Amino acid sequence: MKPTLPFLDLTPSHDEIREQLDACWKRISETNNFVGGPEVENFEADWASYCERRHCVGLANGTDSIELILRGLGIGLGDEVVVPANTFVATAEAVTSAGAIPVFADVDPLSLLLTADTLKASLSERTAAVIAVHLFGSPVDMPAINEVAAAHGLAVIEDAAQAHGARWNGQRVGSLSTAASFSFYPGKNLGAFGDGGAVVTDDPRLAEQIRCLANHGRALGSHTDHILDGRNSRLDSLQAAILRVKLSRLDDWNDQRRAVMASYRRHLPDQAELVEAGPAAEPVHHLAVVRVPDRDRVRATLAERGTASGVHYPIPCHRQPAFASYARGELLISEVAATEILSLPMWPQLSEENVVMACRQLAESIERVGQGI
Ligand SMILES: *Cc1c(COP(=O)(O)O)cnc(C)c1O
């Protein structure tokens, strides 16, 4: 049976702004301004200001944006970059694409995020940078990470692909490091109608370098002078226009996600333990992650009862075939968590009624599986 409650539904968000979204397409089909231009510049200005940073460079996706930060900072061959083992593989891919070596760090047992201690345990003479990933919409304790980084001369990068608008102690994610990367993949809290990404930073030279790299290495303002060996990783005008419309709704949608999470807190069964960050975190709940016993069987039973779910992520990066050669031993917190975590349905307009239903079905599934039925 196909689950009746999906894992994610983008339609209610798009319904709220349908006319404005349609107008984007119309405007661009009339101006024929497809790549770069005012739509992109306007979105970049809005996104920089939203993230409380001076500069934003729109890019093709969130993976390129991490890689281009590394390249822009001159991090590459022979450099080690610490990344959490519990993240989407894109974080690690960006490191190897830049020519550097990913060093996987374990995570905090409660939030499942990188910590100053797990970072320290992963340092070597060759460590050049750390990428803190605000996973599930929860911000990492960046002041603690920045302190370790300052003591060891490391560059600090935020991978904020899952945390548009989150704050740590009142400060926006994206403004807590040298440079931060965002993804606008459709399912993210701020999503385009296709792939998209951005870097935000206060460093004008880094922003300029990344813009140049992403535009075939062209010198700023020139079409024919290629000063760097770059690539094509630009944000489309259509995506920028869509993102600008959706940005006007982001804070409300994040508030609604908080209300959905509050409802999960009220209704979840005791055997399902919510994965949450500490009190200084102001998360935006990209995902609603719980830990449950016998996860795979509980998940299958839950689907039979009608609720879809996800697993983010079933295999920690250092255990993925593509990255296993970089593993330097066990990272037990990440490895155990990967067998227990389950992501429940989450989107801004998810009704309390549906949360109650999902929680009831989860309680029943845990009970049935526990009884060996
Ligand atoms: C989505 C995501 C990325 C990659 O973004 P793309 O736009 O899909 O390339 C990187 N890191 C994390 C944590 C993500 O969730």
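I take helices and strands as DSSP runs, numbered from the N terminus. The model I examined is a predicted one.

**Entry 1: cavities**

I searched the whole structure for cavities of 30 Å³ or more and found two. The largest has a volume of about 110 Å³. I noted 16 residues in its lining, and those closest to its centre are Leu10, Ser13, Lys188, Asn189 and Arg257.

I then asked which helices each supply at least two residues of this lining. They are H1, residues 11-16, and H9, residues 237-267. H9 gives the most, with three residues. By class I recorded seven nonpolar, five polar and four charged residues around the largest cavity.

For the second largest cavity I noted a volume of about 30 Å³. Its lining consists of Ala85, Asn86, Thr87, Tyr313, Ile315, Pro316, Cys317 and Ser334. Five of these residues are nonpolar and three are polar, with no charged residues.

**Entry 2: the largest pocket**

I turned next to the pockets. The largest pocket holds about 500 Å³ of space. Of its 27 lining residues, Phe88, Gln162, Tyr185, Lys188 and Tyr313 are the closest to the centre. The elements that give two or more residues here are H4 and helix H5, residues 90-97. H4 contributes the largest share, three residues. I recorded the lining as twelve nonpolar, eleven polar and four charged residues.

Two residues recur in my notes. Lys188 is among the residues closest to the centre of the largest cavity and is also listed for the centre of the largest pocket. Tyr313 is likewise listed for the centre of that pocket, and it lines the second largest cavity.

**Entry 3: the second largest pocket**

About 380 Å³ of space lies in the second largest pocket. It has 21 lining residues, of which Gly36, Gly37, Arg211, Asn215 and Arg234 are the closest to its centre. Helix H3 (38-50), strand E1 and helix H8 each supply at least two residues of this lining. I recorded nine nonpolar, seven polar and five charged residues.

**Entry 4: helix H8**

As H8 contributes to that lining, I looked at this helix, residues 204-214, in its own right. Which of its residues are buried? I found Leu206, Ala207, Ile210, Cys212, Leu213 and Ala214. Their cover includes strand E1 (55-59), helix H4 (62-72), strand E8 (179-183) and strand E9 (197-201).

I checked both ends of the helix. At the start of H8, a side-chain oxygen of Asp203 comes to within 2.9 Å of the backbone nitrogen of Arg205. Just after H8, His216 has a positive phi of about 60 degrees.

Key
Residues numbered from 1 in each chain as written. Predicted model: local features only at pLDDT ≥ 70, side-chain atom pairs only at ≥ 80, totals over all residues. Heavy atoms only, no water. 1 Å grid on protein atoms, 1.4 Å probe; cavity = no way out; pocket = protein on both sides within 12 Å on 5 of 7 lines; lining within 4 Å. Points joined across faces, edges and corners; volume = space filled by probe spheres on them. Helix = DSSP H or I, 4+ residues; strand = E, 2+ residues; numbered from the N terminus. Nonpolar A, V, L, I, M, F, W, Y, C, P; charged D, E, K, R; others polar. Buried < 20%, exposed > 50% of the residue type's maximum accessible area, 1.4 Å probe, protein only. Contact = heavy atoms within 4.5 Å. Polar contact = N/O pair within 3.5 Å; in protein donor to acceptor, adjacent residues only side chain to side chain.
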